[in-house]
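Let's take a walk through this protein together, starting with one particular pair of rings and working outward from there. Have a look at the sequence and the model first.

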Amino acid sequence: MTFLLSLSSLIQQHMSFVHLHVHTQYSILDGQASISGLFERAKELGMPALAITDHGNMYGVKEFLKVAKKFPEIKPIIGCEIYVTRHYDHKLKDKDHRGYYHLILLAKNYDGYCVNLQAEGTVS
């Protein structure tokens with residue numbers, strides 16, 4: 001039994017989990033989690049990083065980075081969930097969401113962040 005307990009603690013020390021698809025209160029009608037609450041919970045769970053991927057906007061990024069400075073042990077990952085479609089016609093009502101798909105974009109660096117901003121502005 002001692003072997004299993006020590007193996008379990010060894011695995012927990014070397015394995016970690018990171019949420020890469022997270023909606024905050026900035027995902028209108030889809031998320032309600034506060035950014036500070038997400039960081040606090042990530043710290044409690046020992047997560048090394050946390051992503052922000054709000055629906056169709058990047059309004060929360062400024063607050064996300066501001067709060068991230070208070071949690072230096074957690075790497076902030078900036079992203080966005082965009083909508084992809086073959087063609088777009090705002091007159092078409094698609095209540096079943098069959099005409100478009102969701103795509104998560106995560107920025108690896110500043111250049112990736114700029115690409116996310118461009119995609120969010122033109123694609124979503």
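**A stroll from a helix to the whole chain**

Start in helix α4, which spans residues 110–122: tyrosine 110 and tyrosine 113 sit three residues apart there, so about one helical turn separates them. Keep in mind as you look around that this is a predicted model.

How open to the outside are these two tyrosines? Tyrosine 110 counts as exposed, with a relative accessibility of 60%, and the cut-off for that word is over 50%. Tyrosine 113 has a relative accessible area of 23%, so it goes down as partly exposed.

Now step back to the chain as a whole. The protein chain has four helices and three strands, and if you follow it from the N terminus, the elements come in the order α-α-β-α-β-β-α. Of its 124 residues, 31% are buried. The chain exposes about 9100 Å², and 59% of that comes from carbon and sulfur atoms. Take the contacts between residues at least 6 apart in sequence: 66% of them join residues at least 24 apart.

Next, the aromatic rings. How many aromatic pairs does a search of the whole structure find? The search turns up three. One of them joins phenylalanine 39 and phenylalanine 71, with 5.6 Å from centre to centre and 25° between the planes, and this pair is stacked. Phenylalanine 39 belongs to helix α2 (residues 35–44), while phenylalanine 71 is in the loop between α3 (61–68) and β2 (75–84), so the pair ties together parts that are 32 residues apart in sequence. Both phenylalanine 39 and phenylalanine 71 are buried.

The two tyrosines from the start come back here. The ring centres of tyrosine 110 and tyrosine 113 are 6.1 Å apart and the planes meet at 35°, so this pair is tilted. Stacked pairs need planes under 30 degrees apart.

Back with the phenylalanines, Phe39 and Phe71 have company: together with Phe64 they form one aromatic cluster. Phe64 leads us into helix α3, where Val61, Phe64, Val67 and Ala68 are buried. Those four cover an arc of only 130° around the axis, so they lie on the same side of α3. What does the face turned away from that buried side carry? There you'll find Lys62 and Lys66, which are exposed.

Methods: Residues numbered from 1 in each chain as written. Predicted model: local features only at pLDDT ≥ 70, side-chain atom pairs only at ≥ 80, totals over all residues. Heavy atoms only, no water. Phe/Tyr/Trp six-rings, centres within 6.5 Å; stacked < 30°, edge-to-face > 60°. Helix = DSSP H or I, 4+ residues; strand = E, 2+ residues; numbered from the N terminus. Buried < 20%, exposed > 50% of the residue type's maximum accessible area, 1.4 Å probe, protein only. Contact = heavy atoms within 4.5 Å. Areas by Shrake-Rupley, 256 points an atom, 1.4 Å probe, with all protein chains shown as cover. Arc of directions from axis to C-beta.
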